[in-house]
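Please open the model in your viewer and keep the selection tool at hand. The tour below moves from one stop to the next, saying each time what to select and what is found there.

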Amino acid sequence: MDSIHICGGCPLNGETRIQGSKNAVLPVLAATVLVDGVSTLYNCPDIADVHCMIRLLRSTGCKVKWQNGEIRVDARRIACTSLPQAYVQTMRSSVVMMGALLGRMGEVHISYPGGCVIGKRPIDMHLQAFARMGVTLEEACDGLTACAKHLAGAVITLAFPSVGATENCILAAVLAKGETLIRNAAREPEIDALCDFLRCAGGDICREADGSLRIRGRERLCRCAWRVPPDRIVAGTYLLGCMAAGGRIRLADVDTTQLDAVLAVIEQMGGKYESSGDGIILAAPERVKAIPYIRTEVYPGYPTDLQSQLLAALALAEGESIVEETIFENRFRVVPELVRMGAHINIEENHVTIKGVARLHGSHVKAEELRGGAALCMAALAAQGDSCITNRHFIDRGYQALEQDIRNLGGRI
Ligand code: UD1
């Protein structure tokens with residue numbers, strides 16, 4: 001069944017453990033292609049995007065075993081450098097396979113990537129960076145062929161600190177000849193996670209004081225074992241869900257240092273939190289306060305991936321809030337669905353104005369993309385009555401056990 005049913009209107013009360021990070025594990029899975037041996041990854045989330053990445057790895061000739069959250073990738077034999085269109089078009093992150101295959105094999109053919117419908121999401125910066133490293137690109141109607149006889153280190157200055165472009169540069173540079181310097185590199189924790197995995201496999205990467213990444217190419221990478229860090233976006237989703245529905249929750253396995261910007265907003269809204277062991281406890285206020293103005297930014301700013309969930313919580317706030325989206329265009333697709341639940345939200349170009357209402361009501365709504373879908377579930381927990389959220393397959397791309405988590409947190413789903 002491609003839908004989720006939630007009976008809302010009760011405060012949350014409970015505890016759940018946060019899954020491994022989607023945005024960390026995907027580029028690391030691509031990175032296993034660079035390892036001339038077996039990589040073992042622990043704490044892997046069982047989500048649709050990981051299944052898709054594993055299919056992509058298998059299509060190149062990697063042997064992959066996945067059991068109880070542990071994935072082993074044997075990349076000793078890579079036989080194919082063409083990435084099947086079906087997988088590439090369902091998942092935007094497949095684009096990081098380009099850097100990995102270029103690094104290992106010196107060539108890759110890829111059809112144009114797909115993924116969430118949250119804007120244009122071009123890959124021009126990825127391609128410019130590859131070109132600087134000596135890659136030649138040939139465009140065809142079905143995709144791109146990239147070849148590098150001698151992949152060479154280079155100084156790359158990214159026009160914008162794109163997460164995906166930084167990942168692709170890192171992946172292409174680890175086994176390249178010579179040194180690569182990535183200026184204006186993304187600072188998201190998932191970039192540090194990728195660097196950490198690669199260092200564990202023998203890569204030579206360091207973050208300079210100005211945030212640039214310096215990578216000295218190595219001859220080869222070897223077998224390693226690594227744990228996927230917890231998912232900061234899933235943790236943030238449940239924290240904002242609790243702010244919307246009220247109550248008190250504990251989340252285990254959370255790195256609160258990665259949530260600074262989100263916790264600052266939660267505090268401003270009247271939430272009280274404290275660190276507890278490896279996790280966090282949040283107590284929501286009777287009614288959340290509005291945020292006069294906030295915008296999404298690159299890390300360490302407020303993440304675009306938690307923008308929709310924030311709208312769900314602010315829909316119930318006392319007062320008026322303005323939220324501006326600066327990373328992706330077309331990332332307010334959740335708004336008409338929240339309005340269906342009784343929210344007063346107006347879209348004006350790249351920002352929304354939210355006039356908080358005292359109640360939302362259960363409704364029949366449709367997920368249009370991953371994070372917007374999760375936001376609808378959080379709104380449904382807060383809304384009076386029953387909601388049905390269709391298109392749950394979008395949500396399954398990033399949330400391993402949304403139902404179980406919500407049940408653990410005392411929600412009726
Ligand atoms: C990654 C995350 C995604 C998250 C986003 C922002 C993964 C797999 N995905 O996406 O979940 O929402 O970061 O934190 O980790 N851009 C260009 N040209 C390029 C590359 C990007 O114009 O070559 C633009 C994009 O259209 C967008 C902005 O730069 O407007 C940010 O994109 P980027 O940081 O690359 O995000 P993703 O890597 O796609």
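Begin with the open sheet whose four strands follow the order β2-β15-β17-β16 with mixed pairing, where strands and helices are DSSP runs numbered from the N terminus (E, at least two residues, for strands; H or I, at least four, for helices) and two strands pair if DSSP finds at least two bridges between them. Its edge strands, each pairing on one side only, are β2 (12–17) and β16 (272–276). Neighbouring strands here are turned by 10° against each other on average, direction ignored; axes are lines fitted to C-alpha atoms, for helices over the stretch in contact, and angles run from 0 to 180 degrees between N-to-C directions.

A word on the model itself: it is predicted, so that local features need pLDDT of at least 70 and side-chain atom pairs count only at pLDDT 80 or more, while totals for chains, interfaces and linings use all residues. Residues are numbered from 1 along each chain as its sequence is written, and side-chain values use heavy atoms, with hydrogens and water left out.

Within the same sheet, select residues 247–252 and 279–283, which are the antiparallel strands β15 and β17, joined by four bridges; Leu251 has Ile280 of β17 as its bridge partner. Next add residues 232–245, helix α8, which packs on the sheet by touching β2, β15 and β17, and whose direction makes about 170° with that of β15; contact means heavy atoms within 4.5 Å.

Following β15 onwards, stop at Asp253, in the loop between β15 and α9 (260–268). Asp253 has a positive phi of about 60° although it is not a glycine, and Asp253 is buried with a relative accessible area of 10% (buried means under 20% relative accessible area, exposed over 50% and partly exposed in between, with a 1.4 Å probe and protein chains only). Most residues other than glycine have a negative phi, and most peptide bonds are trans.

Now select Tyr299 and Pro300, which are joined by a cis peptide bond with omega about 15°. Pro300 lies in the loop between β18 (294–295) and α10, and helix α10 (residues 307–314) is mostly covered, with eight of its eight residues buried.

The next stop is the ligand. Which residues come nearest to the ligand? Of the 18 residues around it, these are Asp124, Met125, Ser162, Asp305 and Ile327, a residue being near if one of its heavy atoms lies within 4 Å. An oxygen atom of the ligand is 2.5 Å from an N or O atom in the side chain of Asp305, and an oxygen atom of the ligand is 2.8 Å from a polar backbone atom of Val163.

For the second sheet, select the three strands in the order β1-β23-β22, an open sheet with mixed pairing; its edge strands are β1 (3–8) and β22 (364–366). Six bridges join β1 to the antiparallel strand β23 (residues 385–390), and in β23 the bridge partner of Gly8 is Gly385. Helix α12 (residues 370–382) lies across β1, β22 and β23, running at about 25° to β1.

The tour ends at Asn391, in the loop between β23 and α13 (392–396). Phi of Asn391 is near 65°, a positive value in a residue other than glycine, and at 18% relative accessibility Asn391 counts as buried.

Terms used: A polar contact is a pair of N or O atoms within 3.5 Å; within protein, one must be able to donate a hydrogen and the other to accept it, and residues adjacent in sequence count only if both atoms are side-chain atoms.
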